Every structure is written in C-alpha cells, then in structure tokens.
Amino acid sequence: MFVLELTYTAPLDAVDAVLPDHVGWLEEQYAKGFFLASGRKEPRDGGVILAVAEDRARIEEIVAGDPFAVAGVCAYRVTEFVATKTAPELDRHRQTLS
C-alpha cells in the first residue's frame with residue numbers, strides 16, 4: 001500500500017487549469033483498482049492519495065502519468081507501507097509481515 005502526497009509547485013491558477021484532466025486521471029485509476037481514497041490537503045497546497053499496486057515501480061509509473069506531474073504543477077512523495085491492520089472495508093488489502 002502507498003501514500004502518495006502531492007505538493008503544488010505552481011500557483012493555484014496553473015493547478016486549476018489542469019484540474020479537469022487530473023480528475024479524469026483519478027477516475028481512471030479508481031476504475032483500475034489502484035486508488036482507494038484521495039483528496040486535497042487543507043490548506044490547499046497539494047493532495048493525498050491512498051493507493052495499492054503490486055510494487056513501487058508500478059506506482060511510480062502511474063504517478064508519472066498524472067496530468068499534474070506532466071504539466072509540472074506538483075511534486076510527488078511516495079511512501080510505501082505494510083497495511084497490517086485495516087477497516088473491514090479494506091480487508092482485501094491487509095498484509096502480513098514476513
């Protein structure tokens with residue numbers, strides 16, 4: 001499981017210009033089963049995405065396709081973690097330590 005933290009690197013008007021494309025990209029990732037939750041940070045200086053994928057390389061590939069990243073209006077920080085406890089709704093994503 002991964003926490004993807006976005007930090008805007010451009011003024012909000014530049015971010016907002018790309019926002020419709022970013023939202024479409026988010027919807028695609030939800031449909032493919034990669035994203036579990038997402039939203040903007042408060043104050044509005046970026047966003048957070050909770051994601052799942054087979055490995056970090058796949059997540060890096062997905063992140064590289066974000067229209068925000070392509071347009072250069074945000075930077076990503078990717079944090080991988082082992083989800084050993086989850087809410088019942090996320091049971092299928094629960095992991096065990098090896």
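**Close-up views of a predicted model**

**View 1. Strands S1 and S3 side by side.** Six bridges join strand S1 (residues 2–8) to S3, and the two run antiparallel. Keep in mind as you look around that this is a predicted model. Within this pairing, Glu5 sits opposite Val48 of S3.

**View 2. The whole sheet and its edges.** Stepping back from that pair, you will find an open sheet of four strands in the order S2-S3-S1-S4, paired in the antiparallel sense. S2 and strand S4 (74–80) form the edges; each has a single partner strand, so one side of each has no neighbour in the sheet. From one strand to the next, the twist averages 15°.

**View 3. Two helices against the sheet.** Which strands does H1 touch as it packs on the sheet? H1 touches S1, S2, S3 and S4, and its direction makes about 165° with that of S2. H2 also lies across S1, S2, S3 and S4, and runs at about 160° to S4.

**View 4. The largest nonpolar core.** Here is a spot to linger over: the largest nonpolar core has 19 residues. Leu4, Phe35, Ile49, Ala51, Ile59 and Phe68 are the ones with the most contacts inside it. At least two residues of this core come from each of S1, H1, S3, H2 and S4. In soluble globular proteins, nonpolar side chains tend to be buried together.

**View 5. Leu4 and its surroundings.** Is Leu4, a residue of strand S1, buried or exposed? Leu4 has a relative accessible area of 0%, and because buried means under 20%, Leu4 counts as buried. Leaving aside neighbours within four places in sequence, Leu4 is in contact with Phe35, Gly47, Val48, Ile49, Ala51, Ile59, Val63, Tyr76, Arg77 and Val78. Take a look at Val78 in particular: it is 74 residues from Leu4 along the chain, yet their C-alpha atoms are separated by 4.8 Å.

**View 6. Ala51, a well-connected core residue.** Ala51 is among the residues with the most contacts inside the largest nonpolar core. With neighbours within four places in sequence set aside, its contacts are Met1, Phe2, Leu4, Phe34, Phe35 and Ile59.

**View 7. The salt bridge between Arg44 and Asp16.** Side chains of opposite charge can pair when their charged atoms come close. The structure holds seven salt bridges, and one of them joins Arg44 to Asp16, with the closest N and O atoms 2.5 Å apart. This pair links distant parts of the chain, 28 residues apart: Arg44 belongs to the loop between strand S2 (35–40) and strand S3 (46–51), whereas Asp16 belongs to helix H1 (residues 12–31). Arg44 is partly exposed at 22% relative accessibility, and Asp16 is partly exposed at 34%.

**View 8. A salt bridge within helix H2, and a network.** Glu60 and Arg56 meet through their side chains in a salt bridge of 3.4 Å, N to O. Why are Glu60 and Arg56 separated by about one helical turn? Because they are four residues apart in helix H2 (residues 56–64). Glu60 is partly exposed, with a relative accessible area of 37%, and Arg56 is partly exposed too, at 34%. Elsewhere, salt bridges that share partners join Glu5, Lys41, Asp45 and Arg77 into one network.

**View 9. Lys41 with Asp45.** Lys41 and Asp45 form a salt bridge whose closest N and O atoms are 3.7 Å apart. Lys41 is buried, with a relative accessible area of 17%, whereas Asp45 is partly exposed at 37% relative accessibility.

Terms used:
Residues are numbered from 1 along each chain as its sequence is written. This is a predicted model: local features need pLDDT of at least 70, side-chain atom pairs count only at pLDDT 80 or more; totals for chains, interfaces and linings use all residues. Side-chain values use heavy atoms; hydrogens and water are left out. A salt bridge is a side-chain nitrogen of Lys or Arg within 4 Å of a carboxyl oxygen of Asp or Glu. Buried means under 20% relative accessible area, exposed over 50%, partly exposed in between (1.4 Å probe, protein chains only). Two strands pair if DSSP finds at least two bridges between them. Axes are lines fitted to C-alpha atoms, for helices over the stretch in contact, and angles run from 0 to 180 degrees between N-to-C directions. Contact means heavy atoms within 4.5 Å. A nonpolar core is a set of buried Ala, Val, Leu, Ile, Met, Phe, Trp, Tyr and Cys residues joined through side-chain atoms within 4.5 Å.
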